[in-house]
Amino acid sequence: MQKVYLNGEMVALNEARISVMDRGFLFGDGVYEVIPVYSRRPFRLFEHLRRLQRSLDGIRLANPHTDDEWTALIKRLIAATDADEQQIYLQVTRGADTVRNHAFPKVTVPTVFMKCDPLIPPHRQEFELGIAAVSASDNRWLRCDIKSTSLLANCLLRQQAEDAGCIETLLFRDGFLSEASASNVFVVRDGVLVAPPKTHLILPGITYDVVLELATRHGLSHELRDVTEAEVRLASEIWICSSTREVRAVVSLDGRSIGTGRPGPVYEKMHRWYQEFKSAATRAS
Ligand code: PDD
């Protein structure tokens, strides 16, 4: 039976218990991180821990651990998991109160939960053929920069893709691209990589930063600016990216082909750079 971390202990998954009064359960009052692990080494751990701190600050919850403590816990989980490629799920909620009250408890004892699972690499076919996406109006709250466990809107939006036999849902707010239900989005226009800037309307993605670093390193022109819906639909390439999906080419949107209907030449380069970067980073750390 898989072991998970819960409030200081490693326990069997089917024995892990939290209170029904936990605010994560009642209100979605918590934050989380998903950290990929390659060759048994966490990828961009420092950046994930910085974003965790930012999310905790955003919901006014004290960080229950120092970076060193988080690192030790994560290493423990990695060691307890068989696969070389893994994904760590880490969640901190505001814990349980004795009454259901929207206002914070007088004394907060956070609930810390962590789980490690094998990271199943996307099918080669998905990298080679690209993926299909649908679009929807971004009806989430205005603090999408907080990696909150309150994900109902994201779940409903993602299900629209699932219902259409697609992988992701691209989101537009007031005629502009924001991100996707569980990933950031880039488009290529006239050979230039374009993405919305980091604002309260998108999650500051760790993979998004890696993509931009690689673009800079390899001299690929890029711009961070508002991207209109029309620009997305007429783009020669669209990519989504996240810690679990890396970078994937979207080759159809709402049933219409993007570019040639195959992953484009800029994507092919980024995919290669990303794989090289990953191998180098996991060798070096
Ligand atoms: N999701 N935007 C949203 C709304 C996300 O949920 C995610 C990641 C991203 C990409 O962020 P990063 O590159 O740091 O993974 C962007 C994770 C993987 C999830 O919820 O499972």
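In which strand is the place of P36? In this predicted model, P36 belongs to strand β3, and that makes a handy starting point for a walk through the fold.

**Around P36**

P36 is buried, with a relative accessible area of 2%. Setting aside neighbours within four places in sequence, its contacts are R41, P42, F43, H48, Q86, Q87, L119 and S243. If you would like a distance to orient yourself, Y5 is 31 residues from P36 in sequence, and the two C-alpha atoms are 17 Å apart in space.

**Helix α2 and the loop before it**

Two residues of the loop between β4 and α2 deserve a look. R44 lies in this loop and, although an arginine, is buried, with a relative accessible area of 14%. Not counting residues up to four places away in sequence, R44 touches I206, V210, E213 and F277. F43 is the other loop residue to keep in mind; it comes back below with the aromatic pairs.

The helix itself covers residues 45-58. At 1.5 Å a residue, its 14 residues should span 20 Å, and the end C-alpha atoms are indeed 20 Å apart, so expectation and model agree. Which residues of α2 are buried? They are L45, H48, L49, R51, L52, S55 and L56. Viewed down the helix axis, these buried residues fall within an arc of 160°, and therefore line one face of α2. Their packing partners are β3 (30-38), β4 (41-42), α3 (67-79), β5 (86-93) and α6 (206-217). One contact from this set has already been named: H48, a buried residue of α2, is in contact with P36. After the helix comes R60, which has a positive phi, near 60°.

**Aromatic pairs and charges over rings**

The structure holds eight aromatic pairs. One of them joins F43 and F277: the ring centres are 6.1 Å apart with the planes at 80°, so this pair is edge-to-face. F43 sits in the loop between β4 and α2 while F277 is in helix α8 (residues 265-284), so the pair ties together parts that are 234 residues apart in sequence. F43 is buried, with a relative accessible area of 4%, and F277 is buried too, at 12%.

W239 and Y267 form another edge-to-face pair, with 6.1 Å centre to centre and 70° between the planes. This pair links W239 in strand β13 (residues 237-242) to Y267 in helix α8, 28 residues apart. Both W239 and Y267 are buried.

Here are the two pairs side by side.

| Pair | Centre to centre | Angle between planes |
|---|---|---|
| F43 and F277 | 6.1 Å | 80° |
| W239 and Y267 | 6.1 Å | 70° |

F43 and F277 also belong to an aromatic cluster, together with Y38 and Y274.

Where do charges meet rings? R50 lies over the face of F46, at 5.2 Å from the ring centre. In a second case, the charged end of R248 sits over the ring of F127, 5.8 Å from its centre.

**Two domains**

Stepping back to the whole chain, the domain assignment gives domain 1 (3-118) and domain 2 (124-284). Their C-alpha centres lie 26 Å apart. How many residues of domain 1 are in contact with domain 2? The count is 24 residues of domain 1, against 22 residues of domain 2.

Conventions: Residues are numbered from 1 along each chain as its sequence is written. This is a predicted model: local features need pLDDT of at least 70, side-chain atom pairs count only at pLDDT 80 or more; totals for chains, interfaces and linings use all residues. Side-chain values use heavy atoms; hydrogens and water are left out. Helices (H or I, at least four residues) and strands (E, at least two) are DSSP runs, numbered from the N terminus. The expected span of a helix is 1.5 Å times one less than its number of residues. Buried means under 20% relative accessible area, exposed over 50%, partly exposed in between (1.4 Å probe, protein chains only). The arc is that of the directions from the helix axis to the C-beta atoms. Contact means heavy atoms within 4.5 Å. Rings of Phe, Tyr and Trp (its six-membered ring) pair if their centres lie within 6.5 Å; planes under 30 degrees apart count as stacked, over 60 as edge-to-face and the rest as tilted. A charge sits over a ring if NZ of Lys or CZ of Arg is within 6 Å of the ring centre and within 35 degrees of the ring normal. Domain bounds come from an automatic or database domain assignment.
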